[in-house]
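Work through the exercises below with the sequence and the model side by side, trying each task before reading its solution.

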Amino acid sequence: MHRNNAVGCGTCADTCELRHCPNAICPYIDHRMELGHVTYREAVLSTIPNTPRLLPRLENLIQQYPGYLWLSAEHKNRMDCLNYDLGYVHKRNTNSYYAAMYLLTSNLPLHTRTEDCYSYQGIDFRSVNMKGISVRNYPLLQTARRLNSGETKIKYLDLTNPEMVDDELLALIVNALLIVRFGLRALKLKKGDL
């Protein structure tokens, strides 16, 4: 645990005299996240399994991170408006629910296709009209469905293939997994050093 509410590795009680942490992933990352002391890089590398074939894509994703999780201002606006319209329901508004909403509001065609699926109870994916869904939106919809149901197992091998999942889709899926892990605090992740 960190001494004196400080959150740097140098103040961590786990850090030995050589100022080297013996942990590959900070065991206090959730606490540090609450305080806003986790970078995008650290969040991604602590959330996504260390898959050697995926690591180069993750490194590129981290390098290209613009400092916010939103695909565009419109993406943020769609999710903010939907959240406002639906209100807060403690049992429904879980990290998985927000992650699914993040994916489903990422572009206008997908949002339009799924906006009537939200209710007081949650997201009803059975009412989504799958006819004519684009090749690009299908993996977003399926990932949202899995995450919303509490299933966080993603086929990471599929994410290694840029022909199946381009860089933009990879960013959206990784960001959704960050929301599952850290909640809406993930939306405030900073790009570089704190």
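Three exercises follow, each with a worked solution.

This is a predicted model, in which local features need pLDDT of at least 70 and side-chain atom pairs count only at pLDDT 80 or more, while totals for chains, interfaces and linings use all residues. Residues are numbered from 1 along each chain as its sequence is written, and side-chain values use heavy atoms, with hydrogens and water left out.

**Exercise 1.** Compare the expected span of helix H7 with the distance between its end C-alpha atoms.

Solution. Helices are DSSP runs of H or I with at least four residues, numbered from the N terminus, and H7 covers the twelve residues 137-148. The expected span is 1.5 Å times one less than the number of residues, which gives 16 Å for H7, in agreement with the 16 Å between its end C-alpha atoms. Just after H7, glycine 150 adopts a positive phi of about 95 degrees.

**Exercise 2.** Which residues of H7 are buried, and against which helices do they pack?

Solution. Taking buried as under 20% relative accessible area, exposed as over 50% and partly exposed as in between (1.4 Å probe, protein chains only), one finds Asn137, Leu140, Leu141, Gln142, Thr143, Ala144 and Leu147 buried. By contact (heavy atoms within 4.5 Å), the buried residues of H7 pack against helix H5 (95-104), helix H6 (108-114) and helix H9 (167-182).

**Exercise 3.** Is arginine 32 buried or exposed, and what does its side chain reach?

Solution. Arginine 32 lies in helix H1 (residues 29-34) and counts as buried because its relative accessibility is 6%. Its side chain reaches the backbone oxygen of histidine 37 at 2.9 Å.

Definitions and conventions:
Helices (H or I, at least four residues) and strands (E, at least two) are DSSP runs, numbered from the N terminus. A polar contact is a pair of N or O atoms within 3.5 Å; within protein, one must be able to donate a hydrogen and the other to accept it, and residues adjacent in sequence count only if both atoms are side-chain atoms.
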